[in-house]
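Please explain the terms used for this structure by setting each value against its definition.

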Amino acid sequence: MSDQTRFIFNETDLPRFWYNINADSPVPPAPVLNPMTMEPITPEFLNVLFPMGLIMQEISTERYIEIPEEVREIYKLWRPTPLLRARRLEKLLDTPAHIYYKYEGASPTGSHKPNTAVAQAFFNKIEGVKAMTTETGAGQWGSSMAFAGSQFDMDIEVYMVKVSYDQKPYRRIMMETYGAEVYASPSNRTNFGRSLLAKDPENNGSLGIAISEAVEVAATSGGKKKYGLGSVLNHVCLHQTVVGQEALKQMDLANEYPDVVIGCAGGGSNFAGIAMPFLRENLVNGKNARLLAVEPLASPSMTKGIYTFDYGDTAKMAPVVKMYTLGHDFIPAPIHAGGLRYHGMSPLISSLVNAGYVQAIAVPQLTTFEAALMFAKTEAIIPAPESAHAIRAAIDEALDAKLKGEKRVILFNLSGHGYFDMTSYEAYLNGELEDYEYPSEAVFESMKSLPQVLVM
Ligand SMILES: Cc1ncc(COP(=O)(O)O)c(C=O)c1O
């Protein structure tokens with residue numbers, strides 16, 4: 001075994017196709033419903049928000065979907081991203097496990113999000129769309145849409161969850177630098193925002209609310225503006241599969257194969273991106289990697305939520321999908337992993353968790369930051385608080401392997417860096433962060449306002 005640390009290849013090795021798990025998945029997708037009629041949704045309804053190119057990807061069962069050359073050219077600014085072996089972390093843990101991580105923080109905006117932002121802007125652009133709206137929680141997604149908009153000369157309007165807008169001014173300035181307009185959500189620019197501010201002018205916002213505002217603006221623009229979503233939907237998970245396809249080949253370069261593949265999960269896209277190509281290997285090529293999605297105890301959709309039909313947003317304008325949900329009226333605690341505070345989970349990942357192909361765990365905030373610091377002090381990259389959830393799980397796997405005296409090969413997705421998250425690190429270092437566990441009673445209470453759906 002060599003002592004190589006970085007496993008990289010050059011841009012000619014960049015994947016030419018996105019991999020669509022719906023071609024191989026043993027779990028048929030549940031219907032997506034119109035939020036007004038509860039009937040299966042039509043492409044015409046979705047076309048108010050999305051271009052046809054993306055809608056076709058959303059419902060496609062084709063195994064490989066070609067990445068347009070224009071998108072690949074932009075991907076070359078940062079892809080292929082490196083795979084690294086965390087040798088210094090292994091040493092600190094004194095574990096026989098081998099820990100690898102795929103570093104998606106190498107993108108211009110610092111996370112995996114541009115993998116889909118660039119694709120979404122492209123498919124809008126070729127259908128003549130000149131402006132897009134979107135929401136952002138921690139700011140990673142908004143920055144990525146802003147960057148993608150700048151590449152395609154497109155106006156981008158971002159609704160940023162108020163608590164993050166206040167906590168993360170530099171993310172806002174980054175978006176503005178790329179040319180986007182950024183509004184704290186709830187805002188007074190939409191009917192839904194105004195109705196919430198009338199009830200509570202101090203409303204801190206949530207991802208569900210910000211989605212509602214961005215959807216309302218697009219839906220009432222008379223076709224001028226379309227909407228981009230940074231996670232949850234099939235086409236978003238699809239675009240992220242460049243991550244796992246590269247990682248598969250890079251593990252080959254390292255002459256190893258993972259026993260466990262780990263990703264943090266907010267709406268499910270970076271986890272899907274790294275894990276779905278490995279799930280294909282399990283399903284088709286007789287491999288047996290465990291696939292582990294990690295969420296915060298404060299926003300535990302997969303581990304405490306119910307697998308049922310729910311609205312994708314708080315104002316009940318987005319489609320109704322079958323997913324693990326905490327209820328669309330979920331108001332998250334202000335934990336410092338803004339990107340993991342969504343009430344639901346990608347229907348694709350939800351169905352795989354429900355059928356047992358993917359395992360889900362929840363971890364508390366404090367030990368997650370403890371893991372982030374261990375990683376920063378050994379591997380030097382300061383991780384995004386979201387990604388630190390995957391690090392926590394990877395460290396726990398490595399410690400378990402040590403206890404059992406096993407060599408275990410662990411691969412996790414380091415979905416982003418945390419260089420805009422210093423206020424969160426400051427709060428942790430000052431001892432101001434607390435653990436918070438979302439109560440099951442609140443989940444049951446929220447289930448009373450689920451949509452009434454006849455199909456199951
Ligand atoms: C760095 C990072 N990782 C993970 C996530 C969670 O999103 P997803 O589950 O779609 O990957 C986010 C969301 O904002 C993020 O910024």
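The following questions and answers treat the ligand site, the sheet and some backbone features.

Q: On what kind of model do the values rest, and how are residues numbered?
A: This is a predicted model, in which local features need pLDDT of at least 70, side-chain atom pairs count only at pLDDT 80 or more, and totals for chains, interfaces and linings use all residues. Residues are numbered from 1 along each chain as its sequence is written, and side-chain values use heavy atoms, with hydrogens and water left out.

Q: What makes a residue part of the group that surrounds the ligand?
A: A residue is near the ligand if one of its heavy atoms lies within 4 Å of it. The ligand is surrounded by 18 residues, and the closest are Ser 231, Gly 266, Ser 269, Asn 270 and Ser 415.

Q: Why is the approach of Ser 231 to the ligand called a polar contact?
A: A polar contact is a pair of N or O atoms within 3.5 Å; within protein, one must be able to donate a hydrogen and the other to accept it, and residues adjacent in sequence count only if both atoms are side-chain atoms. An N or O atom in the side chain of Ser 231 is 2.4 Å from an oxygen atom of the ligand, so the pair meets the 3.5 Å limit. A polar backbone atom of Asn 270 is 2.8 Å from a ligand oxygen, and for a backbone N or O atom of Gly 267 the distance is 3.0 Å.

Q: How are the residues of the shell divided into nonpolar, polar and charged?
A: Ala, Val, Leu, Ile, Met, Phe, Trp, Tyr, Cys and Pro count as nonpolar, Asp, Glu, Lys and Arg as charged, and the others, Gly among them, as polar. On this basis the shell holds 4 nonpolar, 12 polar and 2 charged residues.

Q: Why are strands S1 and S14 said to stand at the edges?
A: Strands are DSSP runs of E with at least two residues, numbered from the N terminus, and two strands pair if DSSP finds at least two bridges between them. The open, mixed sheet has 7 strands in the order S1-S4-S5-S15-S10-S11-S14. Strand S1 (6–7) and strand S14 (359–363) each have a single partner strand, so one side of each is left without a neighbour in the sheet.

Q: How do you know that S11 and S14 pair?
A: Strand S11 (residues 290–296) shares 5 bridges with S14 in the parallel sense, which means that the requirement of at least two is met. Val 294 has Ile 361 in S14 as its bridge partner.

Q: What makes the backbone at Pro 80 and Asp 94 notable?
A: Most residues other than glycine have a negative phi, and most peptide bonds are trans. The bond from Arg 79 to Pro 80 is cis, with omega near -10°, while Asp 94, not a glycine, has a positive phi of about 50°.

Note on methods
Helix = DSSP H or I, 4+ residues; strand = E, 2+ residues; numbered from the N terminus.
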